Structure formats: structure tokens, C-alpha cells
Amino acid sequence: MSGMARTPLRVALVVAALAAGLSACQAPSPGPRTPPASPTGSPASGGAVYVTGAKAGDDPCARVVSAIGYVGLTLLPPGQEEAQHWDGGVRGRFGYLRGTLEMYGPRLPASAADAVAAIDAVAQTLSLEATAAARRPGLVRRYRAASAAVLAACGRS
């Protein structure tokens, strides 16, 4: 019977260790926070780096097209926006796209400027958990139109 008594204790210890590990992963860094980059911050100008592995010489179109593709992996096909599931993974990809645009958007072809601004505004709203479900389908449609314009400006389809 003593083996049975230890099993719940063992489970409790494992759960406590997992909870501590997860909370450590989610806790803010104890060190000083880096101030946000200025609107002109970019890898080339020494501004903040928002994308892991980003380098000053990276092709801005390649980086932004890649981030658009990364978002697209989580979205249902056009016409199914109302059925889209919204979780932290989907919202996080829109946040990643915003960081990519912050770094590389200013270096995209000038013809993409309006679309970049539209994507950034829509992605900001779609990255928020508090965004009303009824608003999301229309925002995704706007995002798709703007991202298509960026892809076209970059010579991609």
C-alpha cells in the first residue's frame, strides 16, 4: 500500500515541477527591458531586431513574403473566414508578421507602402485576443487583399 501512497505524491511533484517550468517560460525577463525601436529602426540602421536571425543585408521582399506565407499556413482557404479558429498560434503569427514589417517594410518597393500600412493595422488587431470574433472574418479579407498587393510589388504571386 505504501507504493500507492507515493503515486499521488509523485504525480503532485511532477505537476508542480511542470507548472514551475511553464511559469518560468512565461515570466518576463528579470533584466532591463530594451526600449522599442524608433519607427525608422531596422537592422541596417542599428535599430531593434524583431526577427530571429535577421541580418542587415537580408532581402526585404524575401523576409516579408516568407512571413506572409507563415501566416497563411494557419489560415483557412478564402471563403472560409467565418470558420477560422483563433488561438495563440494564429495570433502570434500575425504578431511575427508585424515585427517583420517593422524591420523590412521600409525597404520594400515603394508601390507596397499602402499595403504594408494596411497589413500592419489589420495584423495588430488580429494579434489581439480581445478582438471580437465578428470582426475577424472581414479583417482577414482585408489582410488577404493587402498581402496580395505586397506579394505583387515583390514580384511574387
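**Exercise 1. Describe the salt bridge of Glu 81, and place both partners in the chain and in terms of burial.**

Step 1. The side chain of Glu 81 meets that of Arg 144 in a salt bridge, 2.5 Å from N to O. The criterion is a side-chain nitrogen of Lys or Arg within 4 Å of a carboxyl oxygen of Asp or Glu.

Step 2. Glu 81 sits in the loop between α2 and α3, and Arg 144 in helix α5, so this pair links distant parts of the chain, 63 residues apart. Helices (H or I, at least four residues) and strands (E, at least two) are DSSP runs, numbered from the N terminus.

Step 3. Both Glu 81 and Arg 144 are buried. Buried means under 20% relative accessible area, exposed over 50%, and partly exposed in between (1.4 Å probe, protein chains only).

A note on the input: the model is predicted, local features need pLDDT of at least 70, side-chain atom pairs count only at pLDDT 80 or more, and totals for chains, interfaces and linings use all residues. Residues are numbered from 1 along each chain as its sequence is written, and side-chain values use heavy atoms, with hydrogens and water left out.

**Exercise 2. Extend the analysis to Glu 82 and find the network.**

Step 1. Glu 82 forms a salt bridge with Arg 141; the closest N and O atoms are 2.7 Å apart.

Step 2. This pair also links distant parts of the chain: Glu 82 is in the loop between α2 and α3, Arg 141 in helix α5, 59 residues apart.

Step 3. Glu 82 counts as exposed because its relative accessibility is 56%. Arg 141 has a relative accessible area of 38%, so Arg 141 is partly exposed.

Step 4. Glu 81, Glu 82, Arg 141 and Arg 144 are linked in a network of salt bridges. The whole structure holds 5 salt bridges.

**Exercise 3. Characterise the packing of α3 against α4, including the salt bridge of Arg 98.**

Step 1. The two helices, α3 and α4, pack at an angle of about 145°, and their axes are 8 Å apart. Axes are lines fitted to C-alpha atoms, for helices over the stretch in contact; angles run from 0 to 180 degrees between N-to-C directions.

Step 2. α3 and α4 cross in a left-handed way. That label applies if the near helix is turned anticlockwise from the far one by less than a right angle; clockwise is right-handed.

Step 3. On the α3 side, contact comes from Arg 91, Phe 94, Leu 97, Arg 98 and Leu 101. On the α4 side, the residues include Val 116, Ile 119 and Asp 120. Contact means heavy atoms within 4.5 Å.

Step 4. Arg 98 and Asp 120 form a salt bridge, with the closest N and O atoms 2.8 Å apart. Arg 98 lies in α3 and Asp 120 in α4, so the pair ties together parts 22 residues apart in sequence.

Step 5. Arg 98 is partly exposed at 26%. Asp 120 also counts as partly exposed, at 26% relative accessibility.

**Exercise 4. Check the length of α2 and say what covers its buried residues.**

Step 1. Helix α2 has 13 residues (60-72). The expected span is 1.5 Å times one less than the number of residues. That gives 18 Å, and the end C-alpha atoms are 18 Å apart, which agrees.

Step 2. The buried residues of α2 include Cys 61, Val 64, Val 65, Ile 68 and Val 71. Their cover includes α3 (88-104), α4 (113-126) and α5 (136-153).

**Exercise 5. Summarise the overall fold content.**

Step 1. The protein chain has 5 helices and 0 strands.

Step 2. Of its 157 residues, 32% count as buried.
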